[in-house]
Amino acid sequence: QTGGLTCLAGIGPNRMLAKIASDDNKPDGQTKIEPTRAAVLDYIEDLPIRRVGGCGKVLEHQVSALLKAKTCGELRANAARIRSAFQTRPKTADFLL
């Protein structure tokens, strides 16, 4: 008997990915991201940029307006455009890439 409590877990190659993965199978499940480059890139391909810690509604709006990107995969595909769009804010460009 659990007393009605639920538990979820995210398992990933780093803390940030594990935290994001923990939200996937709510309310009582787990998600595992294998610690390989291919598995990570596959997982983040369709991940909305808003789910990344540190990306709030303002940055999400800026990225959407400037680059028409809504997912992490679309950001990866537009790396050169990100550097250009955020050239006065290199830390933001680094964060997005």
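**Salt bridges and nonpolar core of the predicted model**

A salt bridge (a side-chain nitrogen of Lys or Arg within 4 Å of a carboxyl oxygen of Asp or Glu) joins the side chains of R51 and D24, with an N to O distance of 2.8 Å. This pair links distant parts of the chain, R51 lying in the loop between α2 and α3 and D24 in the loop between α1 and β2 (30–32), 27 residues apart. The structure is a predicted model, in which local features need pLDDT of at least 70 and side-chain atom pairs count only at pLDDT 80 or more, whereas totals for chains, interfaces and linings use all residues. Residues are numbered from 1 along each chain as its sequence is written, and side-chain values use heavy atoms, with hydrogens and water left out.

Four salt bridges are found in the whole structure. One of them connects E60 with R50, the closest N and O atoms being 3.2 Å apart. E60 lies in helix α3 and R50 in the loop between α2 and α3, so the pair ties together parts that are 10 residues apart in sequence. In another, R83 and D94 approach to 2.7 Å between the closest N and O atoms; R83 belongs to helix α5 (residues 79–85) and D94 to helix α6, 11 residues apart.

The largest nonpolar core (buried Ala, Val, Leu, Ile, Met, Phe, Trp, Tyr and Cys residues joined through side-chain atoms within 4.5 Å; buried means under 20% relative accessible area, with a 1.4 Å probe and protein chains only) has 21 residues, of which V63, L75 and F86 touch the most other members. Helices (DSSP runs of H or I, at least four residues, numbered from the N terminus) α1 (15–22), α2 (37–44), α3 (57–67), α4 (72–77) and α6 (90–96) each supply at least two residues of this core.

Technical notes: Buried means under 20% relative accessible area, exposed over 50%, partly exposed in between (1.4 Å probe, protein chains only).
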